Amino acid sequence: MLLVDEGTVLAALDILTKEIVHAGGCFAAGGLSTVVTRREARGHGYGRRLVTAAREAMAARQLDLGLFTCDRPLQAFYESAGWRVLPGAVLIGGTPQAPFPSDQPGFDKVTMADFFSLKSRKAQASLRNSRIELYPGEIDKLW
Ligand SMILES: CC(C)(COP(=O)(O)OP(=O)(O)OC[C@H]1O[C@@H](n2cnc3c(N)ncnc32)[C@H](O)[C@@H]1OP(=O)(O)O)[C@@H](O)C(=O)NCCC(=O)NCCS
């Protein structure tokens with residue numbers, strides 16, 4: 001997803017999706033990756049506009065939920081775009097053979113989420129304070 005002004009890309013991000021299984025339920029999950037605003041265009045609200053649009057696009061694509069991690073200092077940035085902290089949740093990236101958890105030493109990550117479907121809203125409590133097996137693979141190891 002790109003925010004473009006007269007041919008100049010101001011901000012960009014990737015929406016990644018996959019099915020996850022948690023507490024016996026299967027959910028279509030989307031996540032944000034490679035969120036970036038052009039250096040000289042930062043601080044003008046472009047990033048917020050794009051991550052807001054990404055949340056709305058995930059809901060429109062009828063995903064069950066949006067789920068990703070970010071560095072703790074960026075929590076307020078994502079919250080200002082409508083994302084919410086999923087308290088105590090850890091995403092396990094990588095693969096089952098080579099897990100890449102968001103709480104590994106040296107990382108200070110928070111898990112952000114939004115719940116689009118009734119099914120995911122019902123699962124919210126079980127997703128809090130849990131380790132969520134995301135396993136997106138070896139390329140985008142962690143959302
Ligand atoms: C993070 C990033 C995408 C924000 O883009 P931006 O277009 O400058 O953000 P906005 O102008 O929409 O800022 C919205 C709010 O977030 C805050 N914010 C932005 N970047 C921040 C940062 N790095 N740390 C803490 N707060 C930040 C802004 O201060 C602003 O708050 P305010 O409205 O209270 O002033 C941009 O700084 C960037 O590209 N950083 C490098 C890449 C990166 O870290 N990506 C995130 C990967 S999870």
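Reader: How do the residues of the shell around the ligand divide into nonpolar, polar and charged?
Author: Keep in mind that this is a predicted model. The shell holds 14 residues, with Val35, Gly43, Gly45, Gly47 and Arg48 the closest to the ligand. Sorted by type, they come out as seven nonpolar, five polar and two charged.

Reader: Which helices and strands each supply at least two residues of that shell?
Author: One strand and two helices make the list. At least two shell residues come from each of β3 (25–37), α1 (46–60) and α2 (75–79).

Reader: OK, polar contacts next. What is the distance from a ligand oxygen to an N or O atom in the side chain of arginine 48?
Author: Polar contacts here are N or O pairs within 3.5 Å. Arginine 42 has a side-chain N or O atom 3.3 Å from a ligand oxygen, and a polar backbone atom of valine 35 is 2.8 Å from a ligand nitrogen. For the side chain of arginine 48, the distance to a ligand oxygen is 2.5 Å.

Reader: How much of the ligand's accessible area does the protein cover?
Author: The ligand sits in the largest pocket. On its own, it has 880 Å² of accessible area, and the protein covers 58%.

Reader: Over to the sheet: which residue in β8 stands opposite valine 85?
Author: Six strands make up an open, mixed sheet, ordered β1-β2-β3-β4-β8-β5. Its edge strands are β1 (2–5) and β5 (84–85), each pairing on one side only. Two bridges link β5 to β8 (residues 109–115), and the two run antiparallel. Opposite valine 85, in β8, stands methionine 112.

Notes:
Residues numbered from 1 in each chain as written. Predicted model: local features only at pLDDT ≥ 70, side-chain atom pairs only at ≥ 80, totals over all residues. Heavy atoms only, no water. Near = heavy atom within 4 Å. Polar contact = N/O pair within 3.5 Å; in protein donor to acceptor, adjacent residues only side chain to side chain. Areas by Shrake-Rupley, 256 points an atom, 1.4 Å probe, with all protein chains shown as cover. 1 Å grid on protein atoms, 1.4 Å probe; cavity = no way out; pocket = protein on both sides within 12 Å on 5 of 7 lines; lining within 4 Å. Sits in = over half its atoms within 2 Å of the grid points. Helix = DSSP H or I, 4+ residues; strand = E, 2+ residues; numbered from the N terminus. Nonpolar A, V, L, I, M, F, W, Y, C, P; charged D, E, K, R; others polar. Pairing = 2+ DSSP bridges.
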